[in-house]
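User: I'm new to this structure and would like to know what stands behind the words people use for it. Can you take me through them?

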Amino acid sequence: MNEILRMEHISKQFGDFYANKDINFDVRKGEVHTLLGENGAGKSTLMNVLIGLYQPTEGSIYLHGEKVHIESPAQAVRLGIGMVHQHFMLVEAMTVMQNIILGDKRYKGLFINHDARRKEILELSWRYGLNVDLEAKITDISVGTQQRVEILKALYRGAELLILDEPTAVLTDIEVEGLYSVIEKLKSEGKSIIFISHKMREVLHVSDRVTILRAGKTIKTLEASETDGKELANLMIGRELVECEYRKAEATGEPVIELKHVSYNKASKHNGLNDVSLAVRCGEILGVAGVDGNGQSQLSQIVTGVTMAEAGEVVLKGCRVSHMTAADFIEKNVSHIPEDRNRMGLVGNMTVEENLLLKSTQNCAFCDANGWHLKKKAMRAYAETMRAKYDIRCQSMEQEIRSLSGGNQQKVILARELEASPDLLVAVHPTRGLDIGATRYVRDTMIEARDKGCAVLLISADFDEVLQMSDRIIVMFEGKVMGEYSGKNPPIQAISLAMAGK
Amino acid sequence: MQKTKLLNVLIPVLSILLAFVIGMLIILALGKNPAEAIGYLMKGAFGSKTNLANTVVRAMPLIFTGLSTCFAYRCGVFNLGGEGQFLAGSMAAITVTLLIGHEGWWVTIVAVLAGTLMGGIWGLLPGILKTWRGLNEMITTIMFNYVATLFMGYLYTTALREGSVPQTAPVPDTTKIGRIIPDLRITWGIVVAILLGVAIWYFLFYTSKGFQLRAVGFNPVASSYNGLSVKRYMLTAFIVSGAIAGLGGACDILGTQFRLISGYGGGYGFDGVALALIAQLHPLATMAVAYFFAVLRVGSTTMQVGTGVPTSVIDIIQALVIIFAVAGSSMMYLPKVRKFVMNLFEKKEAV
Amino acid sequence: MNWNLLSEVLISAVRMATPLLFVALAELYSERAGLVNIGLDGIMAFGSLVGFLVCFWTGNPFLGVLCGALGGVLVNMVYAFCTVTLAGQQIVYGMALNIFAPALASFIYRVVFGVSSTLAQATLMKTVSIPVLKDVPFLGKLLFDQTPMVYGVYLLVIVTAIYFNRTKSGLNYKAVGEYPKAAETMGINVVLHKYIACILCGFLAGMGGAYLTTCYVNTYSDGIVAGRGFIALAAVIFGRWSASGVLLACLLFGFFDAMQLRLQVGTDLIPYQLFQMIPYVMTLIALTIFGSKIAGPKSKGKPYYREER
């Protein structure tokens with residue numbers, strides 16, 4: 001057995017939450033072993049344990065058959081483990097060369113021997129086909145090149161085992177092809193690679209073996225040649241795809257919001273919109289499917305007034321929106337369940353009650369004298385009603401909201417956003433990180449809102465969720481709308497292809 | 001939650017106690033009797049009607065700068081410019097008084113308004129730099145402090161200098177802010193300070209705007225997603241906190257000091273920041289801590305005379321209170337410590 | 001302005017710039033590791049007292065400077081523990097140092113010399129002139145007839161510039177201030193570097209303080225530092241976080257300081273406070289023009305948690 005790495009029974013706990021629980025994983029020499037799983041399945045945590053950034057709560061790691069304690073990234077580097085992080089660990093103010101030799105302890109001497117180091121790096125880049133300009137500053141090179149710098153950095157330190165954390169997430173198609181050939185080169189030189197991804201297609205293309213993680217646990221390890229995309233997807237999501245439980249809406253009404261050829265930060269494929277047109281109607285759920293980071297964040301910000309479109313028209317309830325802020329959208333009865341509830345939805349240091357009333361303290365039900373006196377009793381009574389109605393589990397209304405569980409936090413947001421009986425509800429990843437019960441609750445509530453005539457725009461990276469809930473589905477890829485599909489008996493194959501940009 | 005609230009009170013109280021214990025040890029190490037020192041301290045602060053009044057007089061400017069800090073920090077604005085804004089207020093007040101040339105209560109009112117306005121402007125400047133250019137207010141407000149201090153130097157040595165000594169002419173008698181009781185130095189300024197403190201407390205916790213201001217301070221991103229104009233609130237916080245400090249400066253110069261001289265107003269700004277932090281940014285607690293600081297300051301002079309223990313031991317105690325109080329709160333953010341303390345609480349509850 | 005006057009002002013400028021340079025370099029080392037320390041005034045005050053006392057007792061100014069520097073390190077360890085280990089707010093603890101350290105200094109002085117003391121005086125460090133070079137007209141007196149401290153600080157500027165731009169260790173050091181997490185993954189010990197930064201900062205700022213009482217005046221008084229720490233802070237920003245920039249900024253600020261001193265005894269035409277304001281105003285203007293582009297090391301001011309979630 002030419003096994004390089006074995007991780008046994010790894011667990012990592014944050015507070016009460018297990019990010020990893022009893023994970024087993026191994027890598028052989030010269031293979032590409034993929035870790036497959038949804039966001040939050042525990043892939044990154046496991047890798048951070050492996051490179052010594054986190055200490056495992058339980059479990060042990062064996063390298064070349066010997067048990068090791070990896071206490072720091074420095075030690076991981078010495079043991080020949082190199083990681084290319086999803087968010088690159090590059091110092092922007094420095095040059096490519098400076099980034100590569102950073103922290104190098106192999107050579108004695110006070111000063112940097114530029115010529116010798118350059119020669120060494122150039123040799124490496126030749127061998128693996130990683131062309132970079134060593135004197136360029138990180139800020140001046142493309143994302144694809146930055147990734148090559150990261151790989152060079154690891155190789156320069158003598159990495160035998162390379163971890164690539166979602167390496168294709170930020171690359172264009174041509175750059176992805178380049179990466180594949182680099183991976184082939186690395187394999188032929190006997191390096192082992194841990195490839196982290198949630199994209200079926202590339203996983204099958206690039207891996208020798210695949211291990212599926214779900215909710216912090218290992219589900220199964222498979223030979224890539226003996227499986228197919230469907231099996232992987234089922235294992236990853238944990239049940240058979242699409243079991244439609246919700247009744248789809250039959251008749252829909254007038255459009256509440258329309259986007260006509262809207263663009264924003266067009267040049268960016270991951271953080272922009274390119275000529276997007278869509279309409280959300282009364283009494284329907286429009287689902288936006290797509291891999292994370294294809295412009296969904298920007299879409300949600302534009303339809304809630306947090307940012308302004310740079311080109312095109314936004315029509316809200318028949319009025320053209322030109323200079324409107326988030327406050328104006330709220331005034332027009334637009335509700336928003338934002339993608340990051342702790343950063344964008346809630347004020348963590350304030351109480352449950354205060355968060356429930358975040359938008360409505362100017363409402364005359366809760367204040368006198370134009371806002372100059374708050375009716376504390378009315379506020380408390382309202383909050384208690386909400387607690388009962390939305391089943392918010394907390395010790396008291398005075399509790400700081402950050403100490404609640406994710407599901408209960410989301411219920412507070414739901415209560416706040418839905419009690420306004422909105423005309424448009426924009427929900428972004430509404431069930432991310434929630435357990436099954438809370439997920440079910442959130443979905444039921446949204447369907448209920450739809451049945452009352454609310455227009456719902458559901459943006460989710462959870463494909464299953466989009467399929468189950470949407471009456472119409474559009475797919476976003478690199479800032480563009482790839483196609484529109486019916487929510488009734490959706491053509492899954494076609495939608496998956498569209499999500500991959502085909 | 002109750003636990004967090006309890007900690008909010010517990011940390012400052014423990015810090016004060018701990019700082020005092022260290023202070024007493026220092027006094028003991030000097031071969032002096034700590035009990036005697038404390039006795040003199042208390043006598044100095046509370047021993048007579050005059051002394052009692054002096055502590056109140058000493059507390060007034062601290063209340064203003066403390067409240068100024070409170071207001072700004074509640075909105076997430078880390079204004080360290082209380083010093084400069086306080087001085088801007090005093091300078092505007094005395095300049096207006098001397099330039100008008102008349103005396104009387106209406107001059108007092110004009111001067112106080114001028115001081116408040118000038119303080120607000122001195123707060124607005126770093127506010128504009130922050131919202132417009134994204135400059136860190138902690139650095140810019142410090143720079144503005146020095147500009148204000150040096151401008152004050154220009155006033156008392158050159159522009160408004162009176163006679164050979166570098167100082168300005170005093171505020172005319174009838175323009176001075178009146179005393180509440182003729183024998184004691186306490187002026188109506190303290191009433192203004194206390195009313196202001198209560199008003200700020202009411203504003204922050206019982207009005208819609210105050211509520212929104214606190215939301216912006218805790219989480220600007222979530223606030224903007226929920227339709228609050230973050231920049232507008234921040235700019236307001238800069239102006240209002242500057243105006244509060246400026247009002248303090250005006251009340252101080254017109255009620256207590258009467259003229260600008262070298263070293264005037266030194267330290268009020270930073271003391272204000274310190275005591276507001278100890279008071280966990282609660283306006284009413286801020287006033288209490290300001291009074292406590294004043295007691296220490298006034299009492300320490302008597303202590304120095306009586307026992308020969310230098311007044312600076314009190315400064316050391318004060319600094320230790322800050323270090324312990326703030327360290328205590330930031331320790332609570334470390335996950336391990338938090339867990340440990342929470343466990344402690346749970347055990348207590350179980351028993 | 002005639003030649004004599006100019007040379008007099010310039011010599012005075014060099015003298016004024018020296019303590020500033022020590023302290024600005026201290027801040028440079030601190031900020032390059034991501035730690036904004038506004039407690040420089042406090043560290044200087046303590047350094048100046050310790051320097052003075054040792055010099056007073058031993059009569060050896062060099063020993064005074066050394067002990068002043070060590071005193072600075074001691075005080076700055078409070079800041080280091082609170083900001084690095086406890087990950088507290090850097091500005092708050094800087095401020096706490098500014099209250100704590102001068103109080104401690106004043107307290108010790110009064111304990112040693114009594115509450116109402118006569119002014120104690122210590123020996124001043126003598127100038128060491130460099131033969132031959134000192135006889136060069138104009139420049140000779142300006143550059144080669146100074147205390148060893150002056151030569152030392154200029155040497156330090158050169159060493160600092162080489163350290164940050166040419167050495168491996170300097171590269172690692174800068175990475176800690178720019179992107180600590182990246183540095184950590186590259187096997188650089190971030191916490192250790194931050195502590196080293198605090199030691200260096202305390203040492204140099206303490207030395208700058210001790211310079212005041214061993215080379216500049218021969219007495220200690222409360223408030224002797226007079227805001228020099230904040231001018232040094234401004235100099236680091238104005239010098240855009242490089243050793244050479246800091247040197248120029250300090251010389252410039254030193255020149256304005258010398259000018260205002262000259263004006264204080266000279267004419268009434270221009271108020272001298274205007275010149276004292278210049279460092280602050282210029283820094284504000286520079287910041288306004290360049291905006292966040294000259295924000296310096298990227299992670300400065302932010303606490304670093306290793307295990308974050």
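User: Where is A:His9 found?

Analyst: This is a predicted model, and in it A:His9 is part of strand S1 of chain A, which covers residues 3-14.

User: What makes the phi of A:His9 worth a remark?

Analyst: Its sign. Most residues other than glycine have a negative phi. A:His9 has a phi near 50°, a positive value in a residue other than glycine.

User: Is A:His9 buried, exposed or partly exposed, and how do you know?

Analyst: Count the neighbours: A:His9 has 13 other C-beta atoms within 10 Å. Buried needs 20 or more and exposed needs 12 or fewer, so a residue in between is called partly exposed. A:His9 is therefore partly exposed.

User: And why is A:Asn489 called exposed?

Analyst: A:Asn489 has 10 other C-beta atoms within 10 Å, and the cut-off for exposed is 12 or fewer, so exposed is the word for A:Asn489. A:Asn489 sits in the loop between strand S22 (480-486) and helix H17 (492-499) of chain A. Its phi is positive too, near 45°.

User: Let's zoom out. How is chain A divided?

Analyst: Into domain 1 (3-237), domain 2 (253-333 + 421-502) and domain 3 (349-420). Between the C-alpha centres of domain 1 and domain 3 of chain A there are 44 Å. The chain holds 17 helices and 22 strands.

User: Why is chain A said to be as compact as a globular protein of its length?

Analyst: Set two values side by side. The radius of gyration of chain A is 25 Å, and the globule rule gives 23 Å for 502 residues; the two are close, so chain A counts as compact as a globular protein of that length. Along the principal axes, its C-alpha atoms fill a box of roughly 75 × 50 × 45 Å. As for burial, 46% of the 502 residues count as buried. And if you take contacts in chain A between residues at least 6 apart in sequence, 68% join residues at least 24 apart.

User: What makes S12 and S15 of chain A edge strands?

Analyst: Start with the sheet: an open one of 4 strands in chain A, in the order S12-S11-S14-S15, with antiparallel pairing. Strand S12 (273-281) and strand S15 (319-321) each have a single partner strand, so one side of each has no neighbour in the sheet. From one strand to the next, the twist averages 20°.

User: How do you know that S11 and S12 of chain A pair?

Analyst: Pairing takes at least two bridges, and strand S11 (residues 255-264) of chain A has 6 bridges with S12(A), in the antiparallel sense, so the two pair. To see the register, look at A:Tyr264, which stands opposite A:Leu273 in S12(A).

User: Why is strand S20 of chain A called mostly covered?

Analyst: Look at the count: 5 of its 5 residues (455-459) are buried. A:Ala455, A:Leu457 and A:Ile459 point one way, while A:Val456 and A:Leu458 point the other way, and all are buried.

User: Which strands pair with S20(A)?

Analyst: Strand S13 (residues 285-289) of chain A runs parallel to S20(A), with 4 bridges joining them. Here A:Val288 stands opposite A:Ile459. Strand S19 (424-428) of chain A also pairs with S20(A) in the parallel sense, over 5 bridges, and A:Leu425 has A:Val456 as its bridge partner.

User: What makes helix H7 of chain C mostly covered?

Analyst: 9 of its 11 residues (168-178) are buried. Among them are C:Leu171, C:Tyr173 and C:Val176. The cover includes helix H3 (96-101) of chain A, together with helices H1 (3-32), H6 (148-166), H8 (180-185) and H9 (190-216) of chain C.

User: How many residues of chain B and chain A take part in their contact?

Analyst: 18 from chain B and 29 from chain A. On the chain B side, helix H8 (208-218) and helix H9 (220-225) each supply at least two residues, and H8(B) gives the largest share, 6 residues. That side divides into 8 nonpolar, 9 polar and 1 charged.

User: And what does chain B bring to its contact with chain C?

Analyst: 38 residues of chain B touch 38 residues of chain C. The chain B side divides into 27 nonpolar, 9 polar and 2 charged.

Definitions and conventions: Residues are numbered from 1 along each chain as its sequence is written. Chains are lettered from A and ligands numbered from 1 in the order in which they are written. This is a predicted model: local features need pLDDT of at least 70, side-chain atom pairs count only at pLDDT 80 or more; totals for chains, interfaces and linings use all residues. Domain bounds come from an automatic or database domain assignment. Two residues are in contact if their C-beta atoms, placed from the backbone, lie within 7 Å. Ala, Val, Leu, Ile, Met, Phe, Trp, Tyr, Cys and Pro count as nonpolar, Asp, Glu, Lys and Arg as charged, and the others, Gly among them, as polar. The radius of gyration is taken over C-alpha atoms; the globule rule is 2.2 Å times the number of residues to the power 0.38. Axes are lines fitted to C-alpha atoms, for helices over the stretch in contact, and angles run from 0 to 180 degrees between N-to-C directions.
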